[in-house]
Amino acid sequence: MIVVTTPTGQIGSRVLGTLLESGEPVRVIVRDPARLADGVRERVEIVKGSHGDPGVVNEAFAGADTVFWLVAADPRAESLEATFVDFTRPACEAFEKQGVARVVGVSALGRGVTKNAGHVSASHAMDALITGTGVSYRALTMPSFMDNLLWQAGPIGKDGVFFGPVSGDRKAPTCAIRDIAATAAELLLDPSWHGVADVPVLGPEDLSQNDLAEIMSDVLGRPVRYQRVPMEDFRATQLEHGQSEAIAQGMVEMMAAKEVGLDNAEPRTPEATTPTTFRQWCEEVLKPAVVSGS
């Protein structure tokens with residue numbers, strides 16, 4: 001039995017789809033079962049509720065061998081510790097109580113690089129909590145997601161510009177959500193691994209924000225440029241979009257760490273290199289989003 005958290009999210013839904021194709025028995029934790037894709041509800045066991053709830057995770061993990069674990073940061077949380085570590089504590093107790101053997105979790109690059117990288121540091125603290133239970137654990141460690149640019153599909157299509165607080169010429173890895181999900185599903189379906197390890201998901205190449213703009217311009221057939229914004233303006237934007245002070249500050253700290261090389265600390269290897277190029281992602285994901293919004 002494989003348990004999937006966040007089965008209606010961007011990553012979790014893709015993980016779930018691959019697992020169902022494999023024929024393995026799957027159980028999901030979901031707040032609203034009606035949000036599951038058509039045809040999925042009849043093919044999975046459903047435990048309704050939050051995967052931060054002790055009763056829910058104990059029910060869901062009973063008899064389970066492997067768990068896909070993802071924490072989506074609560075935008076209104078009072079602290080990063082609350083949204084990542086405290087949220088995960090009930091699951092860790094349930095891992096031990098229910099005898100879960102393996103956990104695959106979504107984390108971030110840069111372990112040990114800095115003590116203050118906001119959301120990244122909180123993710124690493126979550127990893128430490130999970131490994132402390134004695135389960136075999138694979139932390140998927142990622143840079144920024146290509147798919148995060150979908151939040152700016154409007155200004156990209158309307159004004160030919162996207163924004164961020166990092167230098168336009170800093171090259172770093174970037175990965176597609178589809179590749180994260182594929183890597184997670186592969187591990188969930190493999191019962192042979194043991195122990196604790198990071199699994200970097202780096203995409204196929206390192207690109208700067210200016211590189212991204214050039215590729216977007218080519219794919220969209222119109223000029224697109226990157227505009228760097230001051231970190232305080234970036235923080236203000238997070239607050240305007242409903243983030244709490246702690247979550248917004250965590251974003252600032254994370255981006256500041258990325259600016260000084262957090263995402264470049266992991267060496268690129270064939271195993272860490274995933275297939276979806278930024279150009280392919282733009283053609284298949286960004287361009288339809290921009291066209292539909294224009």
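A charge counts as sitting over a ring if NZ of Lys or CZ of Arg is within 6 Å of the ring centre and within 35 degrees of the ring normal. In this structure, arginine 102 lies over the face of tryptophan 193, at 6.0 Å from the ring centre.

Before the exercises, some ground rules. This is a predicted model, where local features need pLDDT of at least 70 and side-chain atom pairs count only at pLDDT 80 or more, while totals for chains, interfaces and linings use all residues. Residues are numbered from 1 along each chain as its sequence is written, and side-chain values use heavy atoms, with hydrogens and water left out.

**Exercise 1. Work out the strand order of the open sheet and find which strands stand at its edges.**

Step 1: The open sheet has 7 strands in the order S3-S2-S1-S4-S5-S6-S10, with parallel pairing. (Strands, E, at least two residues, and helices, H or I, at least four, are DSSP runs numbered from the N terminus; two strands pair if DSSP finds at least two bridges between them.)

Step 2: S3 (45-48) and S10 (196-200) each have a single partner strand, so one side of each is left without a neighbour in the sheet. Those two are the edges.

Step 3: Zoom in on one pairing. S1 (residues 2-4) and S2 (residues 26-30) run parallel over 3 bridges, and valine 3 has arginine 27 in S2 as its bridge partner.

Step 4: Now add the helices. H2 (residues 54-61) packs on the sheet, touching S1, S2, S3 and S4 (66-69), and its direction makes about 170° with that of S2. H6 packs on the sheet too, touching S1, S4, S5 (102-108), S6 (136-142) and S10, at about 170° to S6. (Axes are lines fitted to C-alpha atoms, for helices over the stretch in contact, and angles run from 0 to 180 degrees between N-to-C directions.)

**Exercise 2. Is threonine 183 buried or exposed, and what is it in contact with?**

Step 1: Find the residue: threonine 183 sits in helix H6 (residues 177-188).

Step 2: Threonine 183 has 15% relative accessibility, so it counts as buried. (Buried is under 20% relative accessible area, exposed over 50%, partly exposed in between, with a 1.4 Å probe and protein chains only.)

Step 3: Skipping neighbours within four places in sequence, threonine 183 is in contact (heavy atoms within 4.5 Å) with Leu140, Val199, Val201 and Thr274.

**Exercise 3. Sort two aromatic pairs by their geometry.**

Step 1: There are 5 aromatic pairs in the structure. (Rings of Phe, Tyr and Trp, the last by its six-membered ring, pair if their centres lie within 6.5 Å; planes under 30 degrees apart count as stacked, over 60 as edge-to-face and the rest as tilted.)

Step 2: Phenylalanine 61 and phenylalanine 95 have ring centres 5.1 Å apart and planes at 20°, so this pair is stacked. It links helix H2 to helix H3 (residues 80-98), 34 residues apart.

Step 3: Phenylalanine 162 and tyrosine 226 have ring centres 5.1 Å apart and planes at 50°, so this pair is tilted. Phenylalanine 162 is in strand S8 (residues 161-164) and tyrosine 226 in strand S12 (residues 225-228), so parts 64 residues apart in sequence are tied together.

Step 4: Check burial. Phenylalanine 61 is buried at 0% relative accessibility, phenylalanine 95 at 1%, and both phenylalanine 162 and tyrosine 226 are buried.
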